Amino acid sequence: MERVRSAFNRMIKSERYSRFTLQPSEDGERHVEVKLSDDATEAEDQAGGSPSFRPALPRQSRATICYLALGILLIFAIGYLLGYLSHRDTQLQQENYAQMNWKQVTELLTQKLTSQAFDKSLSDFDRPRRSAGSDEDKSLANDIFRVFKKEEMDPWINIHYVQLQTPDSKRPNRVIFGSDDFNPTGYLAYSAPGIAEGKLVYGNYGRQEDLEVLQKKNVELKDSVLLLRAGKISFAEQVDNGAKKGASAVLIYPDPQDYSYKADTALYGHVHLGSGDPYTPGFPSFNHTQFPPTKSSGLPKIPAQTITANMASAFLKTIGGPESDASSGFKGSLASVGYKLGGSENVTVEVNNVLVNKEIHNVFGIIKGFIDPDQYVVLGAQRDAWGNGYAKATVGTSILTELAKAVREMVENDGFRPRRSLLFASWSAGEYGSVGATEWLEGYMSSIDKHVFTYISLDGLLMGRGSFMASASPLLYSLLEKTMKAVNSPIGAGTVYDMVGRTNVLKPMSMDDPAYPFLAMSGIPSISFHFINVNEEAYSYYGTDLDNKDHLDYNTNHHTSEMAALAAQFAGQMALRLVHDHMLYPSLDVSRYSSVITEAVRRVYRRINQLSKTGQLKEVNPNWLNRARGSFERAVNTITNDFDNTDISDKEACRILNDRIMTVEHTLLSPYVSPIETPFRHLLLGRGSHTLASIAETTDMEHFRTQLALATWNLQGCANAMVGDIWDIDEEI
C-alpha cells in the first residue's frame, strides 16, 4: 500500500495543471488558449518564451501503472463495502419495522403507559398557579423541555409576544343593582372596557332560540343588560348573540342546575369570537413582526362580566317582568327564584380590564419517522390555566410527556420504526382562546399544511369515568370507531365501544374546542375526545379555582391515574396507527365526508328551490352545486380504488396516494375569504357567510348568488385535488 501511495504521489507531482479560457479572435471567432499555472508562467516569462501548449507527461514505468491500478481498485472496493454496509443497515431497519405488526405495537404501548408512571407525572406537573406568561408557566415549559431533551427528541421553544387581558388591580370591575354594589373577582378576558347601563333582562343561556322567546314575550332587548346562565354555548357566542340584539352589556353566572358547587365560586373565561391573539389576526405575534393597527372582527363591542350564583340570585329575586313559560326551559335551580324575564329594573356594569403584553413559550419535541419523516402527527396539550387547572392542564401535560417517553422507548429499545413523525407540543395561553397554538399555526401556515396531516388534542381527556364523547373531522370517524373497539372499558369488561352502547358519542366541534383552529382555520384533520361521567357534557369545574386534584379524583371515583393511562392509550393508539401503516387510508377515511357533504348540499338545494318558487331567485340552477358534489363522490371512489389496487411495498406509490388524501381537508378551506374577518374558513365546519350552512339560511339574494358560486368551485376544487393527475380531472361541472 505504501508503494502504491508513493507511485501515485510521484505521478501527481510530475504534472502541471493548466487553465483553459476561451478568447475572442480578431475575426470574432473563439479559440482555445492554454495557460500554464502561475508558477510555470513566471518561469517561461523569465526565459522569454510563451508556449501555447502543455508539454507531454513523462512516461511512467509499468510497475508504477500497476500500483496505481491496484490503488484505484482498492479505493473502489472500500467504497463499495461501505455502501453495502450502509444499505444493509437501512434494510435491517426497514425489516425491523416490517416485523413489528400492529398487535405488537399496541401491546408495547399498553405495557409502558402505567398508572404508576402517571402517579408521579401528575404530581410533578401539579401547580397551584399556572397563568399564561407567568413565571410558573415558563418554569413548567422548562420542565417539559428537559423531559424532551432527556428523551433525545431534539426539543425547541417557539416564543410569541401576545396581548392578554386581565382585571385592573387599582380599578376593580363592578356591577350595581339597586342599592347593591358588587365587585366580582372572576372576569371575561377581551371584554370591551367601559360602563353600560340598562334594564336587566334574563335570557336563559343566550342562544338564538332563547332570545326569540324574549321577543315573543315583548321583552325589549335593545339597550338592555342581559343576565345569562353559563353553558350550552361559549361565553363568546353568548355575548355576540346579545350584542346582535342590541344589548348594552352581558352578565353570566353559573346556575346550580348546571354547576354543582358553592354559590360564591368565581367564574373565568374569554369572549373573543375567534382564536389566537385578537390584536394580530391572521398573522403571528413574533417579536419582529410589524403589527398593522388592526383587531380581530371577533372582539366584542360591549362589556361582559361573570358574576357568582349568589349575585345572580339577588338580581333574579327582584328582577320583575313577565314569568317564563314552564316549557321554555328558562327555569334553573336557584332557591326562592321565579326566573322572571325582567325588563323593568336598571343595572350598571363597569368593566375596567386592561391589556398586558406577555411573552409565551410553546415547547416542542419530535420523534422522527423512518420512511416519511417530513409528514407529522401533532399531539398537543394546553399548559396554562386560570387557577390550579388540574383537569384542564395538569392531566393533558402528563399524558403528553408520558406518551412521548413511551413511544421514544419503543423506538430506542424495542425496534419500533414509525413510518412518519410524531410531534409533541405544549401550548401556552390556551385559556385565552388557544392563543399559543393559533400563533404557531399562523406563523408556519405555509409549511404546516403540507406536512401536518392530523392533530390530536390532549386537552380535557379526563373529566369522569362512565361515558365517552368526541368531536372530530369526518376523515377521522373510522379511526375513532376502530380505536374505541380496541381500548378496554374503564368500568368493566369489554371495550370503550361496548361501554357507550348505542349512544351517539360524536358531538359537533365547537369554536372553543382546542382542536377547532387546526381543523377550521388550517385544514388539518383534528380530533378531541373526553372520558366523562354518564349524562354529562362538560366538566363543571373548568374556569374556576375548584379545578383541582380532589374534585377530579371524586369524578373518576379515585381512579385518576388509571384513567389517565387509559386516555393516553387511546390517544397513543390513534397516533401510532397513523404513523405505522403504509397507507393513510382508511385511518383517514375520505368516504366519511360523503354523507356530510350530501346533507349540506341538500339543504342548499332545498333553499334554491324554495326561493325559485317564490320568484326571489332567478336563473340559478341548483344542479351546479350538486354536480360538484358528484365530482367529489367520483373522486372518493377513484381514490379508494387506487388504494385497494396499490402495492404497499411500493414506497413511491404509497407516498403519492397518501399525498392525495392529505389534500382533502386543506382544500375544503375557502380561498375567497379574509383570515382577518373570517379565520375559520372551512366550507363545511367553519364559521361565516362562505359556509354551506350559512348559504342555506341567507336572505340576501345577491350575496346568495356570489357565495353559492364560490362554494361550488371550492367543493369542485377539493374533488380535483383528490384526483391526482391533472389530465384525469372531472370536468362535468
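This briefing walks through the fold of the chain, its two sheets, a helix pair and a few individual residues. The model is a predicted one. Its chain has 733 residues, of which 53% count as buried, and its secondary structure comes to 22 helices and 18 strands. Two open sheets of 7 strands give us good places to start, one beginning with β3 in its strand order and the other with β5.

**The chain as a whole**

- The exposed surface of the chain is about 33600 Å², and carbon and sulfur atoms supply 50% of it.
- If you take the contacts between residues at least 6 apart in sequence, 77% of them join residues at least 24 apart.

**The sheet from β3 to β17**

- Here 7 strands line up in the order β3-β13-β15-β14-β16-β18-β17, forming an open sheet with mixed pairing.
- β3 (156–166) and β17 (467–472) each have a single partner strand, so one side of each is left without a neighbour in the sheet.
- From one strand to the next, the twist averages 20°.
- At the β3 edge, β3 pairs with β13 (residues 354–367) in the antiparallel sense, over 11 bridges. To find this pairing in the model, look for Val162, which stands opposite Lys358 in β13.
- At the other edge, β17 and β18 are also antiparallel, with 6 bridges between them. Ser467 is a handy marker here, standing opposite Ile532 in β18.

**Helices lying across this sheet**

- Helix α6 (residues 135–150) lies across β3, β13 and β15 (420–427), and it runs at about 10° to β13.
- Helix α17 (residues 560–580) lies across β14 (372–382), β15, β16 (452–457), β17 and β18 (526–532). Its direction is at about 160° to that of β18.

**A closer look at β17 and the loop after it**

- How many of the residues of β17 are buried? The count is 6 of 6, so this edge strand is mostly covered.
- In a regular strand, side chains alternate between the two faces of the sheet. In β17, one side carries Ser467, Met469 and Ser471, the other carries Phe468, Ala470 and Ala472, and all are buried.
- Next comes Ser473, in the loop between β17 and α13 (477–484). Ser473 counts as buried because its relative accessibility is 0%.
- Beyond its neighbours within four places in sequence, Ser473 is in contact with Leu519, Pro525, Ser526, Tyr593 and Glu665.

**The sheet from β5 to β11**

- This open sheet also has mixed pairing, and its 7 strands follow the order β5-β4-β12-β7-β8-β9-β11.
- Its edge strands, β5 (180–182) and β11 (304–306), each pair on one side only.
- Ignoring direction, neighbouring strands in this sheet are turned by 30° against each other on average.
- Within the sheet, β7 (residues 194–202) and β8 (residues 225–229) run parallel and are joined by 3 bridges. Tyr202 has Leu227 in β8 as its bridge partner.
- Helix α9 (residues 309–317) packs on this sheet, where it touches β4 (174–177), β5, β7, β8 and β9 (249–253). The direction of α9 makes about 120° with that of β9.

**The α20–α22 helix pair**

- Two packed helices are described by the angle between their axes and the distance between the axes.
- For α20 (residues 651–667) and α22 (residues 701–723), the axes come within 8 Å and cross at roughly 170°. The two helices are therefore roughly antiparallel to each other.
- Which residues meet in this contact? From α20 they are Arg660, Thr663, Val664 and Thr667, and from α22 they are Asn714, Cys718, Ala721, Met722 and Val723.
- By type, the residues of this contact divide into 5 nonpolar, 3 polar and 1 charged.

**Two helix residues to inspect**

- Leu710 sits in α22. Leu710 counts as partly exposed because its relative accessibility is 27%.
- Between Leu710 and Thr691 there are 9.9 Å from C-alpha to C-alpha, and the two are 19 residues apart in sequence.
- Thr401, in helix α10 (residues 390–413), is buried, with a relative accessible area of 1%.
- Not counting residues up to four places away in sequence, Thr401 touches Ser121, Phe125, Ile144 and Val147.

Technical notes
Residues are numbered from 1 along each chain as its sequence is written. This is a predicted model: local features need pLDDT of at least 70, side-chain atom pairs count only at pLDDT 80 or more; totals for chains, interfaces and linings use all residues. Side-chain values use heavy atoms; hydrogens and water are left out. Axes are lines fitted to C-alpha atoms, for helices over the stretch in contact, and angles run from 0 to 180 degrees between N-to-C directions. Helices (H or I, at least four residues) and strands (E, at least two) are DSSP runs, numbered from the N terminus. Angles under 35 degrees count as roughly parallel, over 145 as roughly antiparallel, 65 to 115 as roughly perpendicular and the rest as oblique. Contact means heavy atoms within 4.5 Å. Ala, Val, Leu, Ile, Met, Phe, Trp, Tyr, Cys and Pro count as nonpolar, Asp, Glu, Lys and Arg as charged, and the others, Gly among them, as polar. Buried means under 20% relative accessible area, exposed over 50%, partly exposed in between (1.4 Å probe, protein chains only). Accessible areas come from the Shrake-Rupley method with a 1.4 Å probe; for residues, only the protein chains shown count as cover. Two strands pair if DSSP finds at least two bridges between them.
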